[in-house]
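Student: I would like a close look at a single part of this model, followed outward into its surroundings.

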Amino acid sequence: MKKLLILMFVLLAPTIGASAQQTEDNTFGGWLFCNVNHDFDNGIYVSGYFEHENYHFQRLDSNYFRVSAGYGILPWLKMGVNYVPVYEPGNSWLHYGEVDLVGTLKSGNLKVSIRERYRYGFTNGKNELRSRLKVAYSFPDSKFGIYLAPEVFTWGNEWKKTRHYAGGTFGITDKIQLEAYYMYYAFKDSPAENVIGFGVNFDL
C-alpha cells in the first residue's frame, strides 16, 4: 500500500500542475479518475467510476459518476446499463441513462474492442451515441501495457466531438492497475482541448 501511495503521488503531481496552468492556457486540462469493477462467476458484472475534470477548457471543476451493471451475453460480447450523475458548476446536477454493447477479441497479448454506448439525458432530453475502438497491447513478462482509442460522439448525421486517446497501464498487483493517458479532444463548435489523465483501476 505504501508503494501504491508513492506511485499515485508521482503520477498525480503533474496533473495538479496542469490544473494550475489552465489559468493561462485554457485548452489544457487535467482529469483524475478511479474505476472499481467486480465480475461474478455467473457472467454478471458491476462497476463504479468517478472522474474529476477541468471541463471543456473552462475553469470549472466537474465531477462525473457512473454506476454500471451488465452481463456477458457471449464470451466476447457484453451488454450493460449505466446511471450517470454529473455535477457541473452553473448547471448543477445532470442525470443520464446509458446502454453499452461491447465486443472484444484477443490474440496473444493483443486485444481489440469495440464499444457502442447510447446515452439519454433525463435532465436535458438529449440523445447521443458514442462509438469507441480500442486497441491494447500487453508487453510479455511485464506489468506494462499500452493502448490507442478513438471515440466518436454523434447523433443521427450530426458529428459532435471526438476523443483520441493514447495511454498506458501499469499493474501494481493482480487487482490494482495504474493508468495514464493523453487525449486530444476535438469539438464541432469549439477549439480542441489537450487532456492529461491519471487514475487507478481496481478489480475486486
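Student: Where is Asp 141 found?

Tutor: This is a predicted model, in which local features need pLDDT of at least 70 and side-chain atom pairs count only at pLDDT 80 or more, while totals for chains, interfaces and linings use all residues. Residues are numbered from 1 along each chain as its sequence is written, and side-chain values use heavy atoms, with hydrogens and water left out.

Asp 141 is found in the loop between strand 7 (127-138) and strand 8 (144-155), where strands are DSSP runs of E, at least two residues in length, numbered from the N terminus. Its relative accessible area is 86%, so it is exposed; with a 1.4 Å probe and protein chains only, exposed means over 50%, buried under 20%, and partly exposed in between. Although Asp 141 is not a glycine, its phi is positive, at about 55°. Most residues other than glycine have a negative phi.

Strand 8 leads from this loop to the largest nonpolar core, as one of the elements giving two or more residues to it, together with strand 1 (28-39), strand 4 (77-88), strand 5 (92-107) and strand 10 (176-187). Such a core is a set of buried Ala, Val, Leu, Ile, Met, Phe, Trp, Tyr and Cys residues joined through side-chain atoms within 4.5 Å. Strand 10 supplies the largest share, four residues, and of the 18 members those that touch the most others are Trp 31, Tyr 147, Tyr 165, Tyr 181, Met 183 and Tyr 185. Setting aside neighbours within four places in sequence, Tyr 165 is in contact (heavy atoms within 4.5 Å) with residues including Tyr 147, Glu 151, Tyr 181 and Met 183.

Ala 180, placed in strand 10, has 24% relative accessibility and therefore counts as partly exposed. Apart from residues up to four places away in sequence, Ala 180 touches Tyr 147, Gly 167, Gly 168, Gly 197 and Phe 198.

Glu 151, already named as a contact of Tyr 165, also meets Arg 115, which is found in strand 6 (residues 110-121). The side chains of Arg 115 and Glu 151 make a polar contact at 2.8 Å, that is, a pair of N or O atoms within 3.5 Å, one able to donate a hydrogen and the other to accept it within protein, with residues adjacent in sequence counted only if both atoms are side-chain atoms. Arg 115 counts as buried because its relative accessibility is 9%.
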